[in-house]
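Here is a short report on one protein chain. Please look through the model before reading on.

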Amino acid sequence: MKIYNKLLKMAKSRANYFCLIDPDKLDAEQAVCFARTCEENGADGLLVGGSIMLNNSFETNLKLIKENVNIPVLIFPGIFNFVSPYADALLLLSVITSRNPQMLIGEQVRAAPLIKHYGLEAIGTAYMLIESGNNTSVLYMSGSFPIPRLKNDIAVAHALAGQYLGMKIIYIDAGSGARYPVSNEMISAIRKNVSLPIVLGGGIKTPEIAAEKAKAGADFIVTGNVLEDDLDPKLIKEFANAIHSVKRK
Ligand code: 1GP
């Protein structure tokens, strides 16, 4: 649990910034450039993954990314648990808002023997999908029904269940390309009830919104699309600074 302990430590002092890289969408050179630019401009970690595999470059690009940065590189397998040894850890997601057994346990069973084989650190993650105003890839691919965006009590019940089941992280996601990010009220309701680190993603388009979500209680803020559209070092720095300004003590 080396990386998990590191994440816990990071979350104790301030909010943190994760950049999501979809390795399928980049060639090797672009993937390395993306990862380095994120690190040089203040990102605290990289999530690597996506909802589908478009080609066979996932592992090659992941390996190159890992070789070129010092910040933690975590496999974020979307909903299918891609396993590779070229990462610091893997977020082993169970889509706890789904009622589809394949998303709740099937994918994890497929991934588990390989995780063991590689000696990879797996971080059990309670992954919650929240209605976002869009039909996102992850919703479609997981065939799941998201939690309605105003139903904070239902969201809290899911997060609590994740914690009681022994998961290590709560990942609240509006999905990539969400029209509305998860509301501040929902994040703070979950924060008040659950002590696990909270990762928050989906539709975070500006540093101001990112800081709001961190203030509401998210420990790790993830951006994806906004940098895919424009890998602007200045924007990365602004995201990092806004998020880092939210201190925990
Ligand atoms: C990762 O879904 C997020 O959890 C990424 O969302 O692409 O909308 O930033 P965006």
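What share of the 249 residues of the chain count as buried? The figure is 57%. Keep in mind that this is a predicted model.

## Overall fold

The chain holds ten helices and eight strands. Its C-alpha atoms fill a box of roughly 45 × 40 × 35 Å along the principal axes. The radius of gyration is 16 Å, which agrees with the value near 18 Å for a compact globule of 249 residues.

Contacts reach far along the sequence. Of those between residues at least 6 apart, 74% join residues at least 24 apart.

## Surface and charge

About 10800 Å² of the chain is exposed. Carbon and sulfur atoms supply 55% of that area.

The chain carries 26 positive and 24 negative charges. The mean positions of the two sets lie 9 Å apart.

## Helix α2

Helix α2 covers residues 28-40. At 1.5 Å a residue, its 13 residues should span 18 Å. The end C-alpha atoms are 18 Å apart, so the helix agrees with that expectation.

Six residues are named as buried here: A31, V32, F34, A35, T37 and C38. An α-helix has 3.6 residues a turn, so residues three or four places apart point the same way. The buried residues of α2 pack against two strands, β1 (16-21) and β2 (45-48). They also pack against the helices α3 (58-68), α9 (225-229) and α10 (233-244).

## Helix α6

Helix α6 runs over residues 152-164. Its 13 residues should span 18 Å at 1.5 Å a residue, and the 18 Å between its end C-alpha atoms agrees.

In α6, the buried residues are A155, V156, H158, A159, L160 and G162. Their packing partners are β5 (122-129), β6 (169-173) and α7 (184-193). After the helix comes G166, with a positive phi near 95°.

## A buried loop residue

Where does T136 lie? T136 sits in the loop between β5 and α5 (137-142). Is T136 buried or exposed? T136 has a relative accessible area of 3%, so it counts as buried, the cut-off being under 20%.

Which residues is T136 in contact with, leaving aside its neighbours within four places in sequence? They are A174, G175, S176 and A178.

Definitions and conventions
Residues numbered from 1 in each chain as written. Predicted model: local features only at pLDDT ≥ 70, side-chain atom pairs only at ≥ 80, totals over all residues. Heavy atoms only, no water. Helix = DSSP H or I, 4+ residues; strand = E, 2+ residues; numbered from the N terminus. Rg over C-alpha atoms; globule rule 2.2 N^0.38 Å. Buried < 20%, exposed > 50% of the residue type's maximum accessible area, 1.4 Å probe, protein only. Contact = heavy atoms within 4.5 Å. Areas by Shrake-Rupley, 256 points an atom, 1.4 Å probe, with all protein chains shown as cover. Lys, Arg positive; Asp, Glu negative; His and termini not counted. Charge placed at Lys NZ, Arg CZ, Asp CG, Glu CD. Expected span 1.5 Å × (residues − 1).
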